[in-house]
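Trainee: I should like to request a close look at how charged side chains pair in this model. Please take one pair as the starting point and then extend the account to the rest.

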Amino acid sequence: MKLSFTTYDIAKKLTLDENIALAKVAGCAGIEFRTDMKAAHGVETSLDAAGRKAVRRKMEDNYLETVCITTGYQFHMLDDEARAQQVEGAKKACDLAYDLGCTRIRVFGNLIEGDAQQCVERVSKALGEVADYAAPLGIDVLLEMHQDFNFWGYALPAIRMAARPNLHINYNCDPRDVIAGHITETFSRIAPYVNHVHLHNLDDGYPYLELFEQLARRDYQGYVSFEFEGSSDPFGIMKLSGHYFRLLRECAYKNVR
């Protein structure tokens, strides 16, 4: 279980060098770059070949992994042309990931528009198309459980219908997953497909220790990634949160032995 963070939203005003420093302060093994937001780090699909090579070299020189190209592309919309544009954008993100030595991109199902079953089918078809493009590049496509698609009853069928080996779930630690104080009823349904995890405020009442225990039992080897709101003190928050992550991880592994 490795630690990273997404540049959304806490680090969107930080340069690439500052993001690297932030990762080191928190004890992160990598950085997840949020694209298409004109963030100061400059990691975008519009980056030219020389720029991509420079980013990759700088990350590797600092012993950091580019964990994920985290896009905002979403596939729920009824309009075929609009959805096709989102699919093409996700494919460009796959190219960027490949050039940076990154093995993941993140996309959304997002909202339920029109009939729910038909919407899930639209999302699944789009996921399959992106996953097919990504596979020869060695890229995994992550469907984040977000908005309406946080419900496992939508996210899971979309993944299963697409049935691509490089298609996975980005679990989002949503309070809606908590039933009677626990996440077992929800997390156990999607756990085999989880390839990436987003953590939010660690004191918000979500049962993070239980989540870490669930991950430890499954010998989860992937990343858990901080996704924090903007702050006037990103370095202080990330340093403290990094310590808290390591305590949670240590306790979880002890509890499941």
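With which residue does K254 form a salt bridge, and how far apart are the closest N and O atoms?

Mentor: The model is a predicted one, and the distances that follow should be read accordingly. K254 forms its salt bridge with E250, and the closest N and O atoms lie 3.2 Å apart. Both residues belong to helix 8, which spans residues 234-256, and they are separated by 4 residues, about one turn of that helix. E250 counts as partly exposed because its relative accessibility is 42%, between the limits of 20% and 50%.

This pair belongs to a wider set, since a search of the whole structure finds 13 salt bridges. In general terms, side chains of opposite charge can pair when their charged atoms come close.

A second pair within a helix is that of K91 and E88, with the closest N and O atoms at 3.3 Å. Here the helix is helix 3, residues 80-99, and the two partners are 3 residues apart, again described as about one turn. Their surroundings may be set side by side: K91 is buried, because its relative accessible area is 14% and the limit is 20%, whereas E88 is partly exposed at 39%. The arrangement extends beyond two residues, as E88, K91 and E129 are linked in a network of salt bridges.

R176 and D174 form a further salt bridge, with 2.9 Å between the closest N and O atoms. R176 counts as exposed, because its relative accessibility of 52% is over 50%. D174, by contrast, counts as buried, with a relative accessibility of 13%.

R34 provides a case without a partner. This arginine is placed in strand 2, residues 30-34. R34 is buried yet has no salt bridge, and the nearest side chain of opposite charge, that of D36, is 5.2 Å away. The reason is one of distance: a salt bridge requires a nitrogen and a carboxyl oxygen within 4 Å, so D36 at 5.2 Å does not qualify. Leaving aside neighbours within four places in sequence, R34 is in contact with T6, T7, Y8, H41, V43, T70, T71, G72 and R106.

The cysteines may be treated by a similar argument from distance. The structure holds 0 disulfides. C28 is in no disulfide, and the nearest cysteine sulfur, in C68, is 14 Å away. C28 counts as buried, at 9% relative accessibility. For C94, the closest cysteine sulfur is that of C102 at 9.6 Å, which is too far for a bond because the cut-off is 2.5 Å. C94 is likewise buried, with a relative accessible area of 0%.

Finally, the start of the chain can be related to helix 8, where this account began. M1 is found in the segment before strand 1, which covers residues 2-6, and M1 counts as buried at 8% relative accessibility. The C-alpha atoms of M1 and Q221 are separated by 4.8 Å, although the two residues are 220 residues apart along the chain. Apart from its neighbours within four places in sequence, M1 is in contact with F212, L215, A216, Y220, Q221, G222, V224, F245, R249 and Y253. Among these contacts, F245, R249 and Y253 fall within the range 234-256 given for helix 8.

Technical notes. Residues are numbered from 1 along each chain as its sequence is written. This is a predicted model: local features need pLDDT of at least 70, side-chain atom pairs count only at pLDDT 80 or more; totals for chains, interfaces and linings use all residues. Side-chain values use heavy atoms; hydrogens and water are left out. Helices (H or I, at least four residues) and strands (E, at least two) are DSSP runs, numbered from the N terminus. Buried means under 20% relative accessible area, exposed over 50%, partly exposed in between (1.4 Å probe, protein chains only). Contact means heavy atoms within 4.5 Å. Lys and Arg count as positive and Asp and Glu as negative; His and the chain ends are not counted.
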